[in-house]
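Biologist: Thanks for sitting down with me. Could you walk me through this model, beginning with what lies inside?

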Amino acid sequence: MSERCYICIETKKNEYVGVYCHNNGEIYNTGELLLKNYNSRIKVEELLSYGDMSILGENIETSVFYKRDRGEYNHDLSAKAVTLLDINSIESLIRYCYIFSLDDTWQYFICGGKNINLLDLNDVIFIE
């Protein structure tokens with residue numbers, strides 16, 4: 001079973017745009033890739049510009065996007081405006097939501113809880 005996630009960027013205080021990622025959304029996979037390889041606003045914006053994806057890779061070239069790589073048009077083709085409440089309540093088995101915040105750090109929360117508790121990704125993944 002795949003571990004689904006949502007990858008977002010905060011554009012203004014409490015305003016987000018994001019994309020869906022179907023596979024390998026776990027903290028020690030997608031979370032680590034985001035922290036290591038997508039560590040600037042420019043890189044995150046470029047990643048999100050390709051829309052929903054099947055899997056996140058170490059770079060944009062190795063990521064698999066529904067439109068670019070599969071020719072599928074039944075997914076969002078670019079990042080869309082979202083709220084954290086909507087992501088948290090999505091009933092499509094999304095497990096994690098990753099957010100590149102206004103202070104250029106990665107945060108995350110585990111979806112499906114009563115409250116959204118944003119945590120710092122650096123607190124669980126140590127990058128040398």
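Biologist: Which residues touch the most other members in the largest nonpolar core?

Modeller: Happy to start there, and please keep in mind that this is a predicted model. The largest nonpolar core has 24 residues. Those that touch the most other members are Ile7, Leu47, Leu56, Tyr98 and Trp106.

Biologist: And which element gives the most to this core?

Modeller: At least two core residues come from each of β1 (4-12), β2 (15-21), α1 (27-37), α2 (41-48), β6 (94-100) and β7 (106-110). With four residues, the element that gives the most is α1.

Biologist: How many residues are in the second, separate core?

Modeller: Several aromatic names turn up in this one: Tyr6, Tyr20 and Tyr66 are among its members, and so is Ile94. The second core is separate from the one we just discussed, and its size is 13 residues.

Biologist: Back to the helix, then. What covers the buried residues of α1?

Modeller: The buried residues of α1 are Ile27, Thr30, Gly31, Leu33, Leu34 and Leu35. As a reminder, residues three or four places apart on an α-helix point the same way, because there are 3.6 residues a turn. The cover over the buried residues of α1 includes β1, α2, β6 and β7.

Biologist: I always check the cysteines before choosing a buffer. How many disulfides does the structure hold?

Modeller: A disulfide is a covalent bond between the sulfur atoms of two cysteines. Here the sulfur of cysteine 8 has its closest cysteine sulfur in cysteine 97, at 4.0 Å, which is too far for a bond. Cysteine 97 is in no disulfide either, its nearest cysteine sulfur being that of cysteine 8. The number of disulfides is zero.

Biologist: Are those two cysteines buried or exposed?

Modeller: A residue counts as buried under 20% relative accessible area. Cysteine 8 has a relative accessible area of 0%. Cysteine 97 also comes out at 0%, so the word for cysteine 8 and for cysteine 97 is buried.

Biologist: Let me step back to the whole chain. In what order do the elements run from the N terminus on?

Modeller: The secondary structure comes to four helices and eight strands. Reading from the N terminus on, the order is β-β-α-α-β-β-α-β-α-β-β-β.

Biologist: What is the radius of gyration of the protein, and how does that fit a globular protein of that length?

Modeller: The C-alpha trace spans about 35 × 35 × 30 Å along its principal axes. For 128 residues the globule rule gives 14 Å, and the protein is close to that, so it is as compact as a globular protein of that length. The radius of gyration is 13 Å.

Biologist: How much of the exposed area do carbon and sulfur atoms supply?

Modeller: Of the 128 residues, 40% count as buried. The protein exposes about 7100 Å² in total, and the share supplied by carbon and sulfur atoms is 48%.

Biologist: Now the strands. How many bridges join β1 to β2?

Modeller: β1 and β2 form a hairpin with two residues between them, and asparagine 14 in the turn has a positive phi of about 65 degrees. Among the facing residues, lysine 12 has glutamate 15 as its bridge partner, and glutamate 10 stands opposite tyrosine 16. The two strands run antiparallel, and the number of bridges is seven.

Biologist: β1 has another neighbour, I gather. Do β1 and β6 run parallel or antiparallel?

Modeller: Seven of the nine residues of β1 are buried, so this strand is largely enclosed by the rest of the structure. Tyrosine 6 of the second core stands opposite cysteine 97 in β6. Six bridges join β1 to β6, and their direction is parallel.

Biologist: One last puzzle: which residue in β5 is the bridge partner of valine 17?

Modeller: β2 is largely enclosed by the rest of the structure, because five of its seven residues are buried. Three bridges join β2 to β5, and the pair runs antiparallel. The residue we want lies in β5 (residues 80-82), counts as exposed at 67% relative accessibility and touches Tyr16 and Val17. The bridge partner of valine 17 is alanine 81.

Key
Residues are numbered from 1 along each chain as its sequence is written. This is a predicted model: local features need pLDDT of at least 70, side-chain atom pairs count only at pLDDT 80 or more; totals for chains, interfaces and linings use all residues. Side-chain values use heavy atoms; hydrogens and water are left out. A nonpolar core is a set of buried Ala, Val, Leu, Ile, Met, Phe, Trp, Tyr and Cys residues joined through side-chain atoms within 4.5 Å. Buried means under 20% relative accessible area, exposed over 50%, partly exposed in between (1.4 Å probe, protein chains only). Contact means heavy atoms within 4.5 Å. A disulfide is a pair of cysteine sulfur atoms within 2.5 Å. The radius of gyration is taken over C-alpha atoms; the globule rule is 2.2 Å times the number of residues to the power 0.38. Accessible areas come from the Shrake-Rupley method with a 1.4 Å probe; for residues, only the protein chains shown count as cover. Two strands pair if DSSP finds at least two bridges between them.
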